[in-house]
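Visitor: I would like to learn how to read the pairing of charged side chains in a protein model. Could you take me through it step by step?

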Amino acid sequence: MKDGGDPVGKLSGYQIVVMIIMFELGSTPLFELGIKAKQDSWLAMTLAASIGLLLLWVYLRIQGRFPGMGLADLLRVHFGKFLGTFTGLLFGLYFTYEASRNARDFSELTVMTILQQTPQWVIIFTTALISLYGVYKGPTVFFRVVEMLFPIVILSYGVIVILLFIARLPNYHRLLPMLENGVGPVVSAAIPDIVSFPFGQMVVFLMFWHRLSPGKKLGRIASMGYIIVAVLLIVLNAISMAVLGPEISSISSLPLLEVVQLIRIANILERLDVFVTLLLYIGLYVKMTLFCMAAVIMMKNLFKGSHAAWSAAIILIICGLAFLEPNNTVRLWLGLTVMVKLFTIFQIALPIVVLAVGAMRGLGKKGTEPETAHTADEI
């Protein structure tokens with residue numbers, strides 16, 4: 001079977017780990033998450049990551065019942081054909097909207113940094129076309145591309161952290177006093193906002209985990225990728241706060257860029273913000289394309305049709321949705337205040353319901369494997 005023009009193959013454990021890290025990094029460094037907790041934002045990130053680990057366990061338990069099935073089939077097995085198809089449609093729309101937000105993030109970042117005079121629609125459609133090619137080629141090719149980009153991204157973030165300390169920019173005093181106002185602000189900042197973004201977005205991997213090569217232990221692989229990226233995000237959050245402080249971080253549009261702009265070493269090494277912008281582009285592209293691919297595969301499995309047709313249709317919808325918010329202020333408010341709470345329906349509520357239904361029906365036990373079930377590999 002084929003995704004676009006590329007035969008569908010299995011994914012290695014390393015590719016799954018790499019994609020989890022690159023996906024979770026994605027657009028996350030664009031924001032100083034947990035700023036409501038001020039200097040304790042990194043504690044809010046830590047709490048949210050811990051809760052996200054519990055969500056990961058839920059997702060893995062669901063996948064473990066029928067390892068060869070993607071999310072579309074898992075929903076129909078648990079809820080029945082009609083309700084399962086309807087729930088799958090909702091997930092497909094959720095993935096599409098998430099991709100559209102990444103497309104808008106891409107255009108806003110470009111306009112604010114390097115192409116101030118370029119119309120946003122040009123940037124969005126250009127980005128969409130690049131993403132469309134990745135979606136058309138299918139998961140096998142796309143995961144390989146991300147695998148090649150991974151060393152560059154990780155090494156680059158490592159160099160940035162080292163340069164920040166060489167320039168003596170982080171000041172741990174800006175992280176004090178810890179828990180100045182108790183645990184309330186930390187909990188309020190973490191739940192549900194940071195739990196939903198970025199950690200709850202791991203639900204998208206239920207569309208791809210069934211492609212893991214036989215004999216590999218998904219739980220160990222997924223947990224490894226998750227823990228690595230969670231620690232990385234917490235460290236980046238703490239360093240950013242230690243450089244800027246809570247006051248500047250709270251009013252900064254692009255905290256990480258402002259942090260990197262402060263690097264001055266021997267009056268030679270400076271202006272690394274363009275370099276960081278390129279890293280953010282890679283992250284946004286990976287996240288947008290994976291969400292888009294998940295939406296395409298979901299719709300193809302639910303309603304048939306060609307992979308190419310669904311790819312084009314979803315990309316056009318993404319481009320349209322990217323223009324919903326009139327400006328960046330509204331977009332940030334809607335995404336980081338309203339939608340993160342609404343998205344918990346797909347990231348927390350529905351997976352828990354699926355887990356509970358499966359437990360009550362005894363699904364996944366010997367003898368409960370459906371006789372006929374197609375998966376996303378049939379596209």
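Guide: Before we look at a pair inside a helix, we should settle the word itself: helices here are DSSP runs of H or I with at least four residues, numbered from the N terminus. Please keep in mind that this is a predicted model.

Visitor: What is the general idea behind such pairs?

Guide: Side chains of opposite charge can pair when their charged atoms come close. In this structure, R76 forms a salt bridge with D73, and their closest N and O atoms are 3.2 Å apart.

Visitor: Where do R76 and D73 lie?

Guide: Both R76 and D73 belong to helix α3, residues 71-79, where they stand 3 residues apart, about one turn of the helix. R76 counts as buried at 16% relative accessibility, and D73 is buried as well, with a relative accessible area of 5%.

Visitor: How many salt bridges are counted?

Guide: The count comes to 7 salt bridges. One of them joins D193 and K36, whose closest N and O atoms are 3.6 Å apart. D193 lies in helix α7 and K36 in the loop between α1 and α2, so this pair ties together parts that are 157 residues apart in sequence.

Visitor: Which residues are linked in a network of salt bridges?

Guide: The network links R101, R104, E108 and E325. Within this network, the side chains of R104 and E108 meet at 2.9 Å, N to O, and these two residues are 4 residues apart in helix α4, about one helical turn. R104 is buried, with a relative accessible area of 4%, while E108 counts as buried at 7%.

Methods:
Residues are numbered from 1 along each chain as its sequence is written. This is a predicted model: local features need pLDDT of at least 70, side-chain atom pairs count only at pLDDT 80 or more; totals for chains, interfaces and linings use all residues. Side-chain values use heavy atoms; hydrogens and water are left out. A salt bridge is a side-chain nitrogen of Lys or Arg within 4 Å of a carboxyl oxygen of Asp or Glu. Buried means under 20% relative accessible area, exposed over 50%, partly exposed in between (1.4 Å probe, protein chains only).
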